[in-house]
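User: I would like a close look at one part of this protein, the open sheet and the loops that adjoin its strands. Please set it against the whole chain before going into detail.

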Amino acid sequence: MESSIIGFSRGDASAKTFKAFNPANNASIDVNYAMASEDEVNDACLLASNAAFEMAQFSGNKKAEFLNALADGIDGIVEDLVSVMTTETGLPEPRVRAETGRTSGQLRMFARLVEAGHWVDARIDRAQPDRQPLPKPDLRAMLRPIGPVAVFCASNFPLAFSVAGGDSASAWAAGCPVIVKAHHAHPGTALLVGNEVVATLRKCSWPEGAFSLLFGEGRTVGQSLVTNKMIKAVGFTGSRSGGRALFNLANAREEPIPVFAEMSSVNPVFILPGMKLEDIDSFSTGLAGSATLGVGQFCTNPGIVFHPAGEFGEQIKTSYVQKMKKVGAGVMLHRGICDLYHKGIQKLTSCEGVKVEYRFSDSVEGEGSKAGPCVLSTSVNEFLADSAMMDEVFGPSTLLVAYDDLAQLIRVVSTMEGQLTASVFGVETDLKNDQGLVDHLEIIAGRILFNQFPTGVEVCESVVHGGPYPATTDGRSTSVGTGAILRFARPVCYQGFPEEWLPDELKEGNPLEIERCES
Ligand code: NAP
């Protein structure tokens, strides 16, 4: 029997337990996980709240030491992760190894960020005692940690957006304790990483409460966590219904708190009229690769493609179907996701004017949580007439939509919900003649791409993985890249404080030598 990690202790085995399933055959995995009790959730939150005071005073170097050590620790358990994670998620070994590298890479990226120190956005307004008609006081501001953060593991990134993934790494880097709610589909993976986090906290002399890991259902454990008054922010990646439920709960609290939920996006692709005939083949190859990567279970999966109507469009369709026919079925992350994928396709095919161009044999249904690619098509007028076609279908399916002129595309974009990405394909002159399409895309999307596919998100300084609702619940944020730290910090201004008292970042002599905005 395994139980939650509450600070440096293990939780009690409560009455209710659950098991994970192997999605390749839907057989249960023979380990019981005890769901956290209400008391355990409260204990974890109290420990986190106490740890928050100490952690807020940590220097960038102390935080970097922990983040780097954790990165090394996670790299060191990759063989265990390969064995447990492949069984729990159906993800192949190379993906587990790559995601391990991405996870440790993210931790090291945040270590570099806090070591450099500029992220705190230090602003200094020196006193002007002789200013007329009133003297100006000394004001100095910087970003400070927001407090304990609740993080929900993502089903589709069991490492990079789970226990020590981007949300946790950015929260620790900001100086916040983290309480993680494990995903029901991969508790063993969560526990392996959770044990590594605890060992690293001890090694780096971080306080108990800087981390806890809770097992249990979202509707009980997850909701108790979000409504606990010690929690000051939430990081989430998952369904629109789950993210929205948590957002509503957080806003209904006596003290509302920010929820950074990354939810649903169809990541539209627009083929402009300038695309050349000879480029169709490589475009189709690239699109099929992007749409079926990881059995289509990426947040940035390109789900809807707009192409010119007529002969050119027919050639794109034929070429794309050929490519998709070469892709087999794959194991999806869990039964729930697989069922939703099949239901999503069913719903799309029942829309007026939608034609099935290709669907991988339905016979894979029943063979574990397997699913194959699907290509559907419609016209832009049918698309505009039925908003159900804009819903995310999480999996390897593509809806091809034929348009006649650019004005129709502007109408489409004006009615579209917020997106993580929007991609435009064509030649440079298309951008000059686009009638404002890209300007419209900027309003609805967090990342706009030219002649590139949206999957394979680069983790770096300038990436934006966010977007207006329902891509996220806060379109001002990114959950990937160094900008993710800003979600878990808030500005504090110190007015009139003596030099010795001020944080190093704001001291007159700038001992940390960070970039500051000064006047
Ligand atoms: P999910 O059902 O939203 O679950 C994510 C986490 O939130 C889980 O820990 C879950 O708890 C919890 N949760 C769900 N509903 C909740 C609620 N009402 N209150 C409190 N907690 C709640 O997502 P999923 O299992 O990863 O996948 C389901 C669907 O989500 C997919 O089919 C797909 O449509 C969508 N999805 C989208 C993205 C994206 O980035 N666009 C990524 C992943 C999934 P439990 O552990 O108890 O389930």
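Analyst: In this predicted model, the protein exposes about 20,900 Å², of which carbon and sulfur atoms supply 52%. Buried residues make up 57% of the 519 residues, and of the contacts with a separation of 6 or more, 76% are between residues 24 or more positions apart. The mean positions of the 44 positive and 62 negative charges lie 2 Å apart. The C-alpha trace spans about 75 × 65 × 40 Å along its principal axes, and the secondary structure comes to 15 helices and 24 strands. The radius of gyration is 24 Å, close to the 24 Å that the globule rule gives for 519 residues, so the protein is as compact as a globular protein of that length.

Against that background, the part you ask about is an open sheet of 4 strands in the order β23-β8-β7-β24, with mixed pairing. The strands β23 and β24 stand at the edges and each has a single partner strand, so one side of each is left without a neighbour in the sheet. Within the sheet, β7 and β8 run antiparallel and are joined by 3 bridges, and in this pairing Ile124 stands opposite Arg140 in β8.

The loop between β7 (123-125) and β8 (139-145) holds Pro133, and the peptide bond that joins Gln132 to Pro133 is cis, with omega about 5°. Most residues other than glycine have a negative phi, and most peptide bonds are trans. Against that general pattern, a cis bond is a feature to inspect in the loop that holds Pro133.

The loop between β22 (445-450) and β23 (489-495) contains Pro470, where a cis peptide bond joins Tyr469 and Pro470, again with omega of about 5°. Asn451 lies in the loop between β22 and β23 as well, and this residue has a positive phi of about 55° although it is not a glycine. With a relative accessible area of 35%, Asn451 is partly exposed.

On the other side of β23 in the sequence, the loop between β23 and β24 (517-518) is the place of Glu513. Glu513 also is not a glycine and has a positive phi of about 55°, but its relative accessible area is 67%, and Glu513 is therefore classed as exposed, a term that applies over 50%.

For a view of strand pairing elsewhere in the chain, β10 (residues 178-181) and β11 pair in the parallel sense over 4 bridges, whereas β7 and β8 run antiparallel. In the pairing of β10 with β11, Ile179 stands opposite Ser212 in β11. In a regular strand the side chains alternate between the two faces of the sheet. Strand β11 (residues 211-214) can be read in that light, with Phe211 and Leu213 pointing one way and Ser212 and Leu214 the other way, and all of these residues are buried.

Returning to the open sheet, its picture is one of β8 and β7 set between the edge strands β23 and β24. The loop between β7 and β8 carries Pro133, and the loop between β23 and β24 carries Glu513, while Asn451 and Pro470 sit in the loop between β22 and β23.

Note on methods. Residues are numbered from 1 along each chain as its sequence is written. This is a predicted model: local features need pLDDT of at least 70, side-chain atom pairs count only at pLDDT 80 or more; totals for chains, interfaces and linings use all residues. Side-chain values use heavy atoms; hydrogens and water are left out. Helices (H or I, at least four residues) and strands (E, at least two) are DSSP runs, numbered from the N terminus. The radius of gyration is taken over C-alpha atoms; the globule rule is 2.2 Å times the number of residues to the power 0.38. Buried means under 20% relative accessible area, exposed over 50%, partly exposed in between (1.4 Å probe, protein chains only). Contact means heavy atoms within 4.5 Å. Accessible areas come from the Shrake-Rupley method with a 1.4 Å probe; for residues, only the protein chains shown count as cover. Lys and Arg count as positive and Asp and Glu as negative; His and the chain ends are not counted. The place of a charge is taken as NZ of Lys, CZ of Arg, CG of Asp or CD of Glu. Two strands pair if DSSP finds at least two bridges between them.
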